[in-house]
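Please open the structure in your viewer, with the sequence alongside, and make each selection as you reach it in the text.

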Amino acid sequence: AAWMGLVKFDLLGLGILAALQYCFDLVAGATGERWELATIPKEEPGVYDMLCRADSIGVFQVESRAQMGLLPRLQPRRFYDLVIQIALIRPGPIQGGAVHPFVRRKLGREPVSYVHPLLEPVLKRTLGIPVFQEQLMQMAMAVGDCTGEDADLLRRAMGSKRGVERIESLKAKLYAGMAHNGLAGEVADRLYAQIQAFANFGFAESHSLSFALLVYASSWLKLHYPGAFLAGLLRAQPMGFYSPATLVSDARRHGVQVLRPDLIHSGVEAGLELIGGSRQPSGLDECLQRVQPKPGEFDPTAPDRTADHRRDAGFAVRLGLAGVRGIGREVAGRIVAERGNGDYRSMEDLVRRTGLSAEQLASLSTAGVFDGLGLSRRQALWQAGNAALDQPGTLPGTLPASQPPLFGEPDPTEALAEELWATGVSTGEHPIGQLRAELRARGVLSSADLNHAEPDRRIELGGLVTHRQRPATASGVTFLSLEDEFGLVNVVCSQGVWQRYRRVARGSSALIVRGKLERSTEGVVNILADRIETLPILVPHQSRDFH
């Protein structure tokens, strides 16, 4: 379109924007406290403490495995740190060798230096390390004697299909310009390699500044309103790095009570529900004065006081009817709208008023939606077939009654499997928690045990596989994320280990991994795998692989 003189606009739709608005609305409806992006308190140290612990599941942009590995090392303490954090985990800075030097300089372990005085104004804000697209363009002009038109060519090259080719077209000019400014040999090669690395994609600083606001806002809401934050994320699905099951498990570890869908209490989507003996949150100023640490460096040995910041503790998250298998927003909306004309008295009453099918009734029964009517899951499932015949237009009580068979309720594993099948999330025990006694008897550690386990020794860990990833920047290494009832752990598989155990590692929902425990000085934990085996589980689970 450029040759026609037309201006092109790329419009980026972000699920987090919907999630944040849902969250603000839920908080206002439940507590009367009204917030928006412009009014949330700025630069709270408690928010940055949470991020320094990599407590960022559900937080925009910084929830991935790589970002969670960088957060404790980078230790963001102010807004601009988040701007850099977002931009560092991109192919350009990674392949340009920017990440490790920047972290060392940020933590004072390496002096800030510039290969040429002309680069100081360009790179001062990022400690002498090129991080953003704009800096590469400015470097080309400052020491490569490139024109503004040349710099714009670089901008268009970054992330394009012909990026490497376009940057190569400027190679001779860049080297000539660097030589003119006294840069030659290895230094010139290094500068050119940094520019060339951004051909595969680097982030614009203007873009990163906008994203950092959403990182801070979502972190602030997760810290102060973890219940509303979960409900907002569930309403905005599908989105983000993690499945609803992992989001729910993380919220429950943060003290959020999650309630199954219910015919009487559930809305169409997830929402907040007042729970008994609740307390109204104190004023925000009082809350901040009570728990807010002083600004400054992060102390990893300090106690985690995240829970003290919570302001929606009087509310549980009630799952919505739309999340039940086979129901969806339209049918759930019909159920909730008709309920406005009076509570449902029975399953037959529900069918007469909404026309639900036997399959829909069976899904609702499996999800435990009829508990409020005094029907257990098994009783509800038995009634579903007959109730489905009681369609609109039939007279109440005209269908013959049938005696339910005498069979027991599901055991805990069966109940969990049914809940996961029907809703995709567990409001009770985690699937790995059910196996914890057997795993401990074998000597398999939990993710919580790793915080105190001796590093550089072989351990075994069991968990659900939430992700399998093989980034182009990782030289063939495959990363697995394992989740248990206490959290997530990153597993690193070399090419050899992956090929040896590929069938098991790719095809199993849950694994036991043996490997060497690595713990960095900042507390980042990895397991370098040397053996992988299947962990049999009797519940449905699906990972997010190679996205």
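The tour below moves along the chain from a nonpolar core through helices and a small sheet to a set of paired strands. Keep in mind throughout that this is a predicted model.

**The nonpolar core**

Begin by selecting I16, L88, W220, L221 and L230, which touch the most other members of the largest nonpolar core, a set of 67 residues. Then colour the elements that give two or more residues to this core, namely α1 (15–31), α2 (45–52), α3 (65–74), α4 (79–88), α6 (99–106), α13 (205–224), α14 (226–235) and α15 (244–253). Which of these gives the largest share of the core? It is α13, which supplies nine residues. As general background, nonpolar side chains in soluble globular proteins tend to be buried together.

**Two crossing helices**

Next, select helix α8 (residues 133–143) together with helix α9 (residues 148–157), and turn the view until you can see their axes, which come within 9 Å and cross at roughly 145°. The crossing of α8 and α9 is right-handed. Show the side chains of Q133, L136, M137, A140 and M141 on α8, and those of G148, A151, D152, L154 and R155 on α9, since these residues make the contact. By residue type, the contact of α8 with α9 divides into six nonpolar, two polar and two charged residues.

**A three-stranded sheet**

Now select β1 (258–259), β2 (271–274) and strand β3 (residues 315–318); the three strands form an open sheet in the order β1-β3-β2, with mixed pairing. β1 and β2 stand at the edges with a single partner strand each, so one side of each is left without a neighbour in the sheet. Looking at β2 and β3, you will find that they pair in the antiparallel sense over four bridges, and that L272 stands opposite V317 in β3.

**An enclosed helix**

Move on to helix α18 (residues 347–354), where six of the eight residues are buried, so the helix is largely enclosed by the rest of the structure. The buried residues of α18 are M347, D349, L350, V351, R352 and T354. To see what covers them, add α17 (328–339), α19 (358–366) and α20 (377–387), which are included in that cover. Directly after α18, select G355, whose phi is positive, near 70°.

**Strands β4 to β8**

For the last stop, start with strand β5 (residues 478–484): seven of its seven residues are buried, so the strand is largely enclosed by the rest of the structure. Showing its side chains reveals T478, L480, L482 and D484 pointing one way, while F479, S481 and E483 point the other way.

On to the neighbours of β5: β4 and β5 pair in the antiparallel sense over five bridges, with S481 in β5 as the bridge partner of H467. Strand β6 (residues 487–493) also runs antiparallel to β5, and seven bridges join the two. Here E483 stands opposite L488 in β6, and β5 and β6 form a hairpin with two residues between them.

Return to strand β4 (residues 458–469), which also pairs with strand β7 (residues 510–519) in the antiparallel sense over seven bridges; one of these places to check is R458, whose bridge partner in β7 is K516. From β7, nine bridges lead to strand β8 (residues 525–534), again in an antiparallel arrangement, and R519 stands opposite V525 in β8. Finish at the hairpin that β7 and β8 form, with five residues between them, and select G523 in its turn, which has a positive phi of about 95°.

Notes:
Residues numbered from 1 in each chain as written. Predicted model: local features only at pLDDT ≥ 70, side-chain atom pairs only at ≥ 80, totals over all residues. Heavy atoms only, no water. Axes fitted to C-alpha atoms, helices over the stretch in contact; angles between N-to-C directions. Left-handed = near helix turned anticlockwise from the far one by under 90°. Contact = heavy atoms within 4.5 Å. Nonpolar A, V, L, I, M, F, W, Y, C, P; charged D, E, K, R; others polar. Pairing = 2+ DSSP bridges. Core = buried A, V, L, I, M, F, W, Y, C linked by side-chain atoms within 4.5 Å. Buried < 20%, exposed > 50% of the residue type's maximum accessible area, 1.4 Å probe, protein only.
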